[in-house]
Amino acid sequence: LIREASQRHPDCDFSVRNILLDDDPATVADWVCALGVLNFRFTEFDNEVFARQFIRRAFALAKQGLVVDMLSSHICSTYPQEDFVYYYSPEKMLSFALELTPHVQLFHDCAPIPQQEFQLVLKHKSEHAL
């Protein structure tokens, strides 16, 4: 994805970073996109606690906002639940995101691939004037 984005937008800087370990202020970006990084079920620590820490940190490092996707606890009837992945409650994660910013969008309308996913978009400020 980074290579493709760089080719399509050579005037922009795209990179892969470990935001939990890298404290370099240069890692701050306009947008942080975290796709698929919270899907696996952890055995050594609690998924819910980790996800909240990760989202809080990622959002703090983003100038404009964060896009993160997660597997939904609203599982498709055609897809059997798997033990190696973690299913998050969209309602709980939306509530948590609203603790960080009032500018949150939740999308739960994408087609299953095969699991049902949802995306949270957290923004530091609204793009829409009232």
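Reader: What share of the contacts with a separation of 6 or more comes from residues 24 or more positions apart in the chain?
Author: In this predicted model, such residues account for 61% of those contacts. A pair counts as a contact when heavy atoms lie within 4.5 Å.

Reader: What makes the chain as compact as a globular protein of that length?
Author: First, the elements. The chain has three helices and four strands. Their order along the sequence is α-β-α-β-α-β-β. The radius of gyration is 16 Å, and the globule rule gives 14 Å for 130 residues. The two values are close, so the chain is as compact as a globular protein of that length. The C-alpha trace spans about 45 × 40 × 30 Å along its principal axes.

Reader: Why is Gln 115 called buried?
Author: Buried means under 20% relative accessible area. Gln 115 has 14% relative accessibility, so Gln 115 counts as buried. Buried residues make up 35% of the 130 residues in the chain.

Reader: Where is Gln 115 in the chain?
Author: Gln 115 sits in the loop between β3 (103–107) and β4 (117–123).

Reader: What makes the pair Gln 115 and Tyr 79 a polar contact?
Author: The cut-off for the N or O atoms is 3.5 Å. The side chains of Gln 115 and Tyr 79 are joined at 3.3 Å. That is within the cut-off, so the pair qualifies as a polar contact.

Reader: Which residues is Gln 115 in contact with, leaving aside neighbours within four places in sequence?
Author: Leu 71, Tyr 79 and Glu 82.

Key:
Residues numbered from 1 in each chain as written. Predicted model: local features only at pLDDT ≥ 70, side-chain atom pairs only at ≥ 80, totals over all residues. Heavy atoms only, no water. Helix = DSSP H or I, 4+ residues; strand = E, 2+ residues; numbered from the N terminus. Rg over C-alpha atoms; globule rule 2.2 N^0.38 Å. Buried < 20%, exposed > 50% of the residue type's maximum accessible area, 1.4 Å probe, protein only. Polar contact = N/O pair within 3.5 Å; in protein donor to acceptor, adjacent residues only side chain to side chain.
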